Amino acid sequence: MSSSSSSSILPFKKLKSFRLGTDGNVYCNHNMVAVLRVAGSRSFRHGHEFYGCPLWPESDSKFFIWKEYVDVMLVKDPTLNNKK
């Protein structure tokens with residue numbers, strides 16, 4: 001069973017649509033497995049990991065979520081990561 005994101009768990013109000021799959025992957029708003037990337041040196045969060053849409057930069061996809069926010073969701077609600 002998969003679960004949609006919940007902004008009540010995360011420290012911000014607006015969140016792009018995504019879900020955590022039973023396979024442990026984060027899925028973007030295109031229902032594709034999100035790619036784990038690392039913020040570059042020009043970012044104020046240099047070295048931090050984030051999930052992004054695999055269609056970026058070729059498409060205008062704006063899907064983005066910091067990995068630490070996904071981790072917070074999994075700690076607050078461990079049932080979201082029910083790998084089978």
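1. Which residue in S6 does Gly52 stand opposite? Gly52 stands opposite Phe64. The model discussed here is predicted, and the points below concern its strands, one loop residue and its nonpolar core.

2. Strand S5, residues 49–52, runs antiparallel to strand S4, residues 35–38, and 4 bridges join the two. Within this pairing, Gly52 of S5 is the bridge partner of Val35.

3. S5 also pairs with strand S6, which covers residues 64–66; the sense is again antiparallel, and there are 3 bridges. Gly52 therefore appears in both descriptions: as the partner of Val35 and as the residue opposite Phe64.4. Leu55 lies in the loop between S5 and S6. Its relative accessibility is 30%, so Leu55 counts as partly exposed, given that buried means under 20% and exposed over 50%.

5. Leaving aside neighbours within four places in sequence, Leu55 is in contact with His30 and Met32. His30 is 25 residues from Leu55 along the chain, and the C-alpha atoms of Leu55 and His30 are separated by 9.0 Å.

6. The largest nonpolar core contains 15 residues. Those with the most contacts inside this core are Phe18, Leu20, Val26, Tyr51, Phe63, Ile65 and Val70. At least two core residues come from each of S5, S6 and helix H1 (67–76). H1 provides the largest share, with 3 residues.

7. Val70 is one of the core residues with the most contacts. With neighbours within four places in sequence left aside, Val70 is in contact with Phe18, Leu20, Val26, Tyr51 and Ile65.

Notes: Residues are numbered from 1 along each chain as its sequence is written. This is a predicted model: local features need pLDDT of at least 70, side-chain atom pairs count only at pLDDT 80 or more; totals for chains, interfaces and linings use all residues. Side-chain values use heavy atoms; hydrogens and water are left out. Two strands pair if DSSP finds at least two bridges between them. Helices (H or I, at least four residues) and strands (E, at least two) are DSSP runs, numbered from the N terminus. Buried means under 20% relative accessible area, exposed over 50%, partly exposed in between (1.4 Å probe, protein chains only). Contact means heavy atoms within 4.5 Å. A nonpolar core is a set of buried Ala, Val, Leu, Ile, Met, Phe, Trp, Tyr and Cys residues joined through side-chain atoms within 4.5 Å.
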